[in-house]
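Student: Could we go through this model together, taking the sheets before the pockets?

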Amino acid sequence: MLLELRDVAVNYGQVSALRHLSMSVPDGAIVTIIGGNGAGKTTTLRAMSGLAKLATGEILFEGERIDTLPADRIVARGIAHVPEGRRIFPDMTVEENLRTGAFLRRDKAGVESDLDKVYHRFPRLKERRTQRAQTMSGGEQQMLAIGRALMARPKLLLMDEPSMGLAPVIVEEIARIIEEINADGVPVVLVEQNAGLALDLASHAYVLETGNLALEGPAHELHDNEHVRAAYLGI
């Protein structure tokens with residue numbers, strides 16, 4: 001198993017954000033986490049990437065415990081995080097943003113090769129490589145955030161609400177990009193408010209409700225689950 005959460009709890013002060021969460025991510029898979037606002041989805045990703053301290057439990061990556069490591073060491077181990085809201089550097093150029101994703105790497109030739117690959121995957125970023133990031137559209141900024149994460153050459157990609165605030169045609173393009181990244185061998189943990197999109201993309205799904213694991217199973221089975229259909233798919 002590539003990534004495992006075992007009995008994980010996270011608190012923010014006196015507020016319990018996650019309770020006794022156990023989940024796993026197989027190598028090569030797209031795993032999604034769905035749920036309403038405040039369910040603990042973003043906190044789960046933050047715990048995986050070392051941005052949220054565990055109250056209890058442990059997280060293993062490639063069989064070794066990582067929850068005791070600082071975030072930069074977790075990135076160095078191979079986990080890249082595309083955060084909610086993109087969090088690009090607005091006053092930096094597109095290329096400067098992309099290069100920040102490789103800040104821990106020392107393989108100069110590899111970095112240049114991966115930059116070319118990002119530009120091949122996202123031609124619009126290549127066209128705008130000298131443009132300040134804040135001047136781009138929301139969809140282009142999301143592509144930039146994904147491209148920046150890919151510059152870390154991740155073994156696992158965490159994505160938090162990649163479709164948020166985007167037009168339907170751009171959402172379809174982001175979905176295609178996620179599938180292509182996974183087809184290239186990068187496993188993905190996907191957090192999405194658009195539950196229908198998430199369940200269509202994923203092989204396995206977890207449903208969180210107020211910090212607790214409510215359901216889990218193959219994504220196609222949860223898509224047909226009456227509770228999921230009523231609560232998250234509007235059916």
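The questions and answers below concern a predicted model.

Student: In what order do the strands of the open sheet of 6 strands run, and which strands are at its edges?
Tutor: The pairing in this sheet is mixed, and its neighbouring strands are turned by 15° against each other on average, direction ignored. Each edge strand pairs on one side only, and these strands are β6 and β10, the latter covering residues 212-218. Read across the sheet, the order is β6-β7-β8-β3-β9-β10.

Student: Which residue in β9 is the bridge partner of isoleucine 33?
Tutor: Strand β3, residues 30-34, is joined by 4 bridges to strand β9, residues 204-209, and the two run parallel. Within β9, the partner of isoleucine 33 is tyrosine 206.

Student: Is threonine 32 buried or exposed, and what is its relative accessible area?
Tutor: Threonine 32 belongs to strand β3. Leaving aside residues up to four places away in sequence, it touches Leu190, Ala198, Leu199, Ala202, His204, Ala205 and Tyr206. Since buried means under 20% relative accessible area, threonine 32 counts as buried, its value being 0%.

Student: How many residues of β7 are buried?
Tutor: In a regular strand the side chains alternate between the two faces of the sheet, so each face has to be examined separately. On one side of β7 the buried residues are Leu156, Leu158 and Asp160, while on the other they are Leu157 and Met159, so that both faces are covered. The strand is therefore mostly covered, and the count of buried residues is 5 of 5.

Student: Which residues stand opposite histidine 81 in β7 and methionine 159 in β8?
Tutor: β6 and β7 pair in the parallel sense over 4 bridges, and β7 is likewise joined to β8 by 4 bridges, with these strands also running parallel. Across the pairing of β6 with β7, the residue opposite histidine 81 is leucine 158. In β8, the bridge partner of methionine 159 is leucine 190.

Student: At what angle does helix α7 run to β8?
Tutor: Two helices can be described against this sheet, and one of them, α1, lies across β3, β6, β7, β8 and β9, running at about 150° to β7. Helix α7, residues 168-183, lies across β3, β7 and β8, and its angle to β8 is about 160°.

Student: Which strands stand at the edges of the sheet with the order β2-β1-β4-β5?
Tutor: This is an open sheet of 4 strands with antiparallel pairing. An edge strand has a single partner strand, so one side of it is left without a neighbour in the sheet, and the strands of this kind are β2 and β5.

Student: Which residue in β2 stands opposite leucine 5, and what angle does α1 make with β1?
Tutor: β1 and β2 pair in the antiparallel sense over 7 bridges, and the residue of β2 that stands opposite leucine 5 is methionine 23. Helix α1 packs on the sheet, where it touches β1, β2 and β4, and its direction makes with that of β1 an angle of about 115°.

Student: Is glycine 13 buried or exposed, and what is its relative accessibility?
Tutor: Glycine 13 is in the loop between β1 and β2. Its C-alpha atom is separated by 34 Å from that of proline 218, which is 205 residues away along the chain. Because exposed means over 50% relative accessible area, glycine 13 counts as exposed, with a value of 66%.

Student: Which element gives the most residues to the lining of the largest pocket?
Tutor: The largest pocket holds about 580 Å³ of space and is lined by 23 residues, of which Leu51, His81, Val82, Pro83 and Arg148 lie nearest its centre. The elements giving two or more residues to this lining are α1, α2, β6 and α6, and by class the lining has 12 nonpolar, 5 polar and 6 charged residues. The element that gives the most, with 4 residues, is β6.

Student: Which helix gives the most to the lining of the second largest pocket?
Tutor: The volume of this second largest pocket is about 270 Å³, and its lining includes Asp114, Lys117, Val118, His120 and Arg121. The lining residues divide into 5 nonpolar, 1 polar and 5 charged. With 5 residues, the helix that gives the most is α4.

Technical notes
Residues are numbered from 1 along each chain as its sequence is written. This is a predicted model: local features need pLDDT of at least 70, side-chain atom pairs count only at pLDDT 80 or more; totals for chains, interfaces and linings use all residues. Side-chain values use heavy atoms; hydrogens and water are left out. On a 1 Å grid over the protein atoms alone, a cavity is a set of points where a 1.4 Å probe fits but cannot get out, and a pocket is an open set with protein on both sides within 12 Å along at least five of seven lines; lining residues have an atom within 4 Å of a point. Grid points are joined across faces, edges and corners, and a volume is the space filled by probe spheres set on the points. Ala, Val, Leu, Ile, Met, Phe, Trp, Tyr, Cys and Pro count as nonpolar, Asp, Glu, Lys and Arg as charged, and the others, Gly among them, as polar. Two strands pair if DSSP finds at least two bridges between them. Axes are lines fitted to C-alpha atoms, for helices over the stretch in contact, and angles run from 0 to 180 degrees between N-to-C directions. Contact means heavy atoms within 4.5 Å. Buried means under 20% relative accessible area, exposed over 50%, partly exposed in between (1.4 Å probe, protein chains only).
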